[in-house]
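Got the viewer open and a coffee to hand? Let's take a walk through this one, selecting as we go.

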Amino acid sequence: MKDQVDYSLYLVTDSTEAILGSRDLVQVVEQALLGGVTVVQYRDKTSDTGDLIKTGKALHEKCRKHNVPLVINDRVDVALAVGCEGVHLGQDDMNVSEARKLLGDDKIIGATVSSIEEARIAVERGADYLGIGTLYATSTKKNTKDIIGINGIRRILRYLDTKGGASKNVKTVCIGGVNALNVQRVHYQLHAPSDAKTPKSIDGVAVVSAIIGAEDVEQAAANLKTLLSTSPNFITLSSSSSNDDWTSLAHIQTTALAATKAVHAKSPLSHNMTNLVVQNFAANVALAIGASPIMSNNGAEAPDLAKLGGGLVINMGTATPDALLNHRLAIAAYNATGSPIVLDPVGAGATSARRDALAYLLASGYFTLIKGNEREILAVAQASGFTVVSKEASQQRGVDSGDAVYTLEQRAYIVKRIALRERNVVLMTGATDVISDGHRTYAISNGHKYLGLITGSGCTLGTTISAYMAASPEDTFMAAVAGILHYEIAAEDAAMGEDVRGPGTFIPHFIDALFKRRMDVVEGKNCEPPEGL
Ligand code: 3NM
Ligand code: MG
């Protein structure tokens, strides 16, 4: 029976004042069962053995009524006395093979792991499932060993998949800081697409405070259950896209023109959290392409703005602790409504503070698109210790223009790998931009060198893309491509202007050209297929 266990919503109990308060644990767990939790772990680090057994028996009775397995944290003796379905063992508890000898083959044994090595050992010793953590920092358990994030958990899942055998079949839940705000994203990012080489996905999420600490426990559990079983709002990659002939220029042309018209028609909000230097320019670019700009760095107003269906740009330009807190609020708000977010990790990798800021932001939410130059995207690739760059790729040096160190093929590889990992769209800018959603990858060589000589051109490309994605949410990848084409073709047009003598005179002409291209497309003029793609 134990291989039929549904791990999707795994409840871990907590009897502390901070989380349970003065309520009765058995009643609280009963509420959670009514809400739909699928496994219960009784975790109590302080009670005496007699009390543990007494409460364990009471919990077991409730769980049995709902056909939900009960496991006891740490205490094999208590599990035996209660007669429940198994135990959950931490790294400092009895080891899995010793517990197996005492409990027999039919009982469930779970183990907490936070590294590939721990996972390997737990599986070798016969664990039925792994609790993988710590996903995010949590005040429920302050002495957690390692915060490994989504990427750390995905590494372990990938390892289990490639190792094969018992590893492939072991069940997995993630733990640490999972709540109603992030559960869909966590579930999505830990779910490999069906065509992935290593398709192992997480079987469930384990939560403590999001259920035990909730005011209405039943509703909190039911809400998590619904969120887990419905497709998140932020998934906007078109399911039909794989059927499109995405490599045909005619297809790109048609889609791009439609996207430009959609921005004009819908005038989506472009919410920029950016630095002082670019605010004015970003607002002018947004207006020129037909979007409606707002420059607000205050996270407290993000929930209201997110409801307006626009796009958010997070520019890491000033990675102060205060800015990061505001970013986190805004990310949660936009993820909750499903509106697109562009992350611009300015200067990522340049200092350790920026590397930390990037890791913090990547752990804060789901980004519809991450854009940056080669160095910034490499920092994204390496965040959380994940190296997408192959040995060969890091040894060879390309001959591309600009700052590019890698060849075009290497850049395409890096961008595609990150997009597959994050399940989003990744854009690496440069003389040739490379953009991928993991399945479709384009190189775009439009643009003009003056864009590299004025301030904020990267940031305002993000502004443009955010508006495009908000206006065409059915296929955010193609929307982003359309935004890039609009922006870069306008730069080419502007640079050809007779009175453009350098970057200074380029700027006003560029705003004009962005506006003109939009109006031309809307009026059906000058819609040549883009060259340079
Ligand atoms: N184990 P919450 S984190 C019990 O990382 C536990 O092994 C963890 O609590 C681990 O859902 C954790 O309230 C607490 O964040 C998780
Ligand atoms: Mg323990």
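Start at the seam between domain 1 and domain 2: across that interface, the rule finds 0 salt bridges. A salt bridge here is a side-chain nitrogen of Lys or Arg within 4 Å of a carboxyl oxygen of Asp or Glu. Polar contacts do turn up there, with 5 residue pairs counted between domain 1 and domain 2, both residues at pLDDT 80 or more. For that count, a polar contact is a pair of N or O atoms within 3.5 Å; within protein, one must be able to donate a hydrogen and the other to accept it, and residues adjacent in sequence count only if both atoms are side-chain atoms.

A word on what you're looking at: this is a predicted model, where local features need pLDDT of at least 70, side-chain atom pairs count only at pLDDT 80 or more, and totals for chains, interfaces and linings use all residues. Residues are numbered from 1 along each chain as its sequence is written, chains are lettered from A and ligands numbered from 1 in the order in which they are written, and side-chain values use heavy atoms, with hydrogens and water left out.

**The two domains**

Colour 2–229 as domain 1 and 248–522 as domain 2; the bounds come from an automatic or database domain assignment. Taken over C-alpha atoms, their centres are 39 Å apart. How many residues of each domain are in contact? Select 12 in domain 1 and 15 in domain 2, with contact meaning heavy atoms within 4.5 Å.

Together, domain 1 and domain 2 bury about 1300 Å² between them, and 48% of it is on carbon and sulfur atoms. Buried area is the accessible area (1.4 Å probe) that two parts lose on being put together, summed over both. Now show N151, R185 and Y188 as sticks: in domain 1 they lose the most area to domain 2, together 39% of what that side buries. Helices α6 (149–163) and α8 (183–189) each supply at least two residues of the side of domain 1 that touches domain 2. The largest share of that side, 4 residues, comes from α6. Helices (H or I, at least four residues) and strands (E, at least two) are DSSP runs, numbered from the N terminus.

**Salt bridges**

There are 15 salt bridges in the structure. Go to D77 and R75, whose side chains meet at 2.9 Å, N to O. D77 is partly exposed at 40% relative accessibility, and R75 is partly exposed at 23%. As cut-offs, buried means under 20% relative accessible area, exposed over 50%, and partly exposed in between (1.4 Å probe, protein chains only).

Next, pick R120 and E124, another salt bridge at 2.9 Å, N to O. Both lie in helix α5 (residues 116–124), 4 residues apart, about one turn of the helix. R120 is partly exposed at 26%, while E124 is exposed at 58%.

Then try R421 and E422, whose side chains also form a salt bridge (2.9 Å, N to O). Are these two buried or exposed? R421 is buried, at 4% relative accessibility, and E422 is buried too, at 7%. Finally, select K2, R100 and D128, which are linked in a network of salt bridges.

**Backbone oddities**

Step along to R423, which has a positive phi of about 55° although it is not a glycine. R423 sits in the loop between α18 (408–422) and β14 (425–428), and counts as buried at 17% relative accessibility. Compare N67, with a positive phi near 60°. N67 is in the loop between α2 and β3 (70–73), and is exposed at 72%.

Now zoom to G133 and T134: the peptide bond from G133 to T134 is cis, with omega near 0°. T134 lies in the loop between β6 (129–132) and α6.

**Cysteines and a long reach**

Which cysteine sulfur is closest to that of C63? The one in C84, but at 8.8 Å the pair is too far for a bond. C63 is buried, at 0% relative accessibility. A search of the whole structure finds 0 disulfides, taking a disulfide as a pair of cysteine sulfur atoms within 2.5 Å.

Last stop: K54, in helix α2 (residues 49–65). K54 is exposed, at 63%. Draw a distance from its C-alpha atom to that of Y360, 306 residues apart along the chain, and you should get 42 Å.
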